[in-house]
Amino acid sequence: MKSKPNFRLFDKMSARKSIAQIQHEAATSQLDRTLGKWHLLLIGVGCIIGAGIFVRTGSAAALHAGPAVLLSFLIAGGVCAFAGLCYAEIASTLPVSGSAYTYGYATLGEFVAWTMGTLLLLEYGLAASVVAVGWSGYVVNLLADVGLHIPPEITGPPGQMLDRGGTPVMAIFNLPAFLVCLALTALLTRGLSESAKLNNLVVMIKLGVLAAFIIVGAFVALPHIQDLVSRNWTPFIPANQGDGKFGIDGIMRAASIVFFSYIGFEAVSTAGQEAKNPEKDLPFAIIGSLVVCTVIYTLVAAVMTLLLPYGSLDVPEPVALVVDSFGGGWTWLAAPIKIGAIIGLTSVVLVLIYGQTRIFYAMARDGLLPRIFAAVHPKFRTPHINTALVGTLTALAAGLCDLNLLGDMTSVGTLAAFAIVCVSVIYLRRAAPDLPRGFSTPFYPLIPLLGIGSCLYLITTVPWDVLAFFFWYMLAGLLLYFVYGIRHSHLRSDGAEP
């Protein structure tokens, strides 16, 4: 029996997939190509507009940036624009499932690809859990408005103290968050085309709700604009209190928080093998979703901070709180806004779970994860076992996790992943300059370099306890690679580019 090549450790870690091999995988994929450019755009918008604007914006303004949270959104959007242009180039060149994981495999090698897969678990798996927790908060609030009170013990993670009518209650499990993850997992198991149609409807509903919020908010504010600016926007940048509270430092800290809400554009690239015309449609959807959502975010943040003092916005449902302040017969709008938030968060959880399953599908196809993650259902043509496992783990995390810690963890993982994608574009330009590209990053190499630098800078604004947790998480992931991934990689037998 012929033995396999005895790669040295470094050779194994730096082994790369050839471009031809990746393009062959795309051409022979078992997944159906059912998504056009507008489907893909709405997938990106559906994932971007969610927890960031409906949940985390209030705390970012109240605790860190004040009215200048508008600048935080623009900064976070700019960082994402640098990374998004790099994503658009590499997604049009390598239109396959796996997103940044596959890009890393083709450029920087297997070890970087595994690291990227570990980071993307934070970006998708844990982020879906965080958004589900926000979804639970709005559902509980809306049901309370109509007289249906869910026992507080089942509306939060274990050990969290909740204030209900002035009485502290200790939570034991977040049941609504757990159940919504399971329901959406069942939908994804049935097939992507059905999920995409639902996502399109959901996105249109929440865009309508946010448009109503912006228009009505502006209508309410304009007659009193000078007074509101004097009371709530003066000073626009509150004095620095140290430790990431207000001032320029606070704006940057808030940018790292609201950055969480921009991760949706990257989810578009996970659908590379299910896009009808990936070379043109993926760049359109990535860049388009970023532009649309940045405009919406800044307008919503402007209305929020203009109508209410920023210090009052540190609540789970800041958008609904602002609607309640409209007065003048507009209080009826609170219920539709809360419903819109629930619908919006639902679509985000759907897309995040979807993205995580496609990344695991790609890693299992390469042998870095067990083969069960790559099994495709004979009827629905979806990675059904993979989806069920990911959805169950996401649901458990949603029922047990703390919102703020995991939100920061998600941002750190995403920023690191974005930086690696920018590095991958630089490498691929040098290693394969003649490779056909459906889209090329403008102002090369300035844009990729700005992407790398800005992502790494925002990571440094995160609290040290989160960075320590991130370090131990990455260390555990790397140990798993050396215990399992490096031993089962298909490149050991199929060949690789050293």
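# Notebook: loops and helices of a predicted model

**Entry 1, P235.** I began with P235, which sits in the loop between helix 10 (225–232) and helix 11. I take helices as DSSP runs (H or I, at least four residues), numbered from the N terminus. The bond I looked up here is the one joining T234 and P235, and it is a cis peptide bond with omega of about 0°.

**Entry 2, ground rules.** I note that this is a predicted model, in which local features need pLDDT of at least 70 and side-chain atom pairs count only at pLDDT 80 or more, while totals for chains, interfaces and linings use all residues. Residues are numbered from 1 along each chain as its sequence is written, and side-chain values use heavy atoms, with hydrogens and water left out.

**Entry 3, F246.** I stayed in the loop between helix 10 and helix 11, where F246 is also found. F246 is not a glycine, yet its phi is positive, near 65°. I looked up its exposure next: F246 has 7% relative accessibility and therefore counts as buried. The cut-offs are under 20% relative accessible area for buried and over 50% for exposed, with partly exposed in between (1.4 Å probe, protein chains only).

**Entry 4, the loop between helix 17 and helix 18.** I looked up three residues of this loop, beginning with T441. T441 is buried, with a relative accessible area of 4%. Apart from neighbours within four places in sequence, I find T441 in contact with L85, C86, E89, V425, R429, I447 and P448. Contact here means heavy atoms within 4.5 Å.

F443 lies in this loop between helix 17 and helix 18. It has a positive phi of about 55° although it is not a glycine. F443 is exposed, its relative accessible area being 64%. P445 is in the loop between helix 17 and helix 18 too, and the peptide bond that leads from Y444 to P445 is cis, with omega near 5°.

**Entry 5, helix 18.** I moved on to helix 18 (residues 446–459), whose 14 residues should span 20 Å at 1.5 Å a residue; its end C-alpha atoms are 20 Å apart, so the two agree. The expected span is 1.5 Å times one less than the number of residues. I listed the buried residues of helix 18 as I447, P448, G451, I452, S454, C455, L458 and I459. Their cover includes helix 5, helix 11, helix 17 (403–431) and helix 19 (464–488).

**Entry 6, helix 5 and helix 11.** Two packed helices are described by the angle between their axes and the distance between the axes. Helix 5 (residues 69–93) and helix 11 (residues 247–258) pack at about 60°, and their axes are 8 Å apart. That makes helix 5 oblique to helix 11. I keep the angle classes here: under 35 degrees is roughly parallel, over 145 roughly antiparallel, 65 to 115 roughly perpendicular, and the rest oblique. The axes are lines fitted to C-alpha atoms, for helices over the stretch in contact, and angles run from 0 to 180 degrees between N-to-C directions.

On the helix 5 side I noted V69, L71, S72, F73, I75 and A76, which meet I251, M252, A254, A255 and V258 in helix 11.

**Entry 7, A301.** V69 came up again when I looked up A301, a residue of helix 13 (residues 278–307). A301 and V69 are 232 residues apart in sequence, but their C-alpha atoms are 7.1 Å apart in space. Not counting residues up to four places away in sequence, A301 touches V69, L70 and F73. With 0% relative accessibility, A301 counts as buried.

**Entry 8, helix 7.** Helix 7 (residues 110–145) has 36 residues, and I read 52 Å from its first C-alpha to its last, close to the 52 Å expected at 1.5 Å a residue. It bends by about 35° at A127, the bend being the angle between axes fitted to the seven residues ending there and the seven starting there. Helix 7 is mostly covered, as 28 of its 36 residues are buried. Just after helix 7, G147 takes a positive phi of about 90°.

**Entry 9, helix 7 against helix 17.** Helix 7 and helix 17 pack at an angle of about 145°, with axes 8 Å apart. Among the residues making the contact are L126, A127 and V130 of helix 7 and G413, T414 and A417 of helix 17.

**Entry 10, V376.** My last look was at V376, in the loop between helix 15 (334–365) and helix 16 (384–400). V376 is buried, with a relative accessible area of 15%. V376 and Y361 are 15 residues apart in sequence and 9.3 Å apart in space, C-alpha to C-alpha.

Technical notes. Helices (H or I, at least four residues) and strands (E, at least two) are DSSP runs, numbered from the N terminus.
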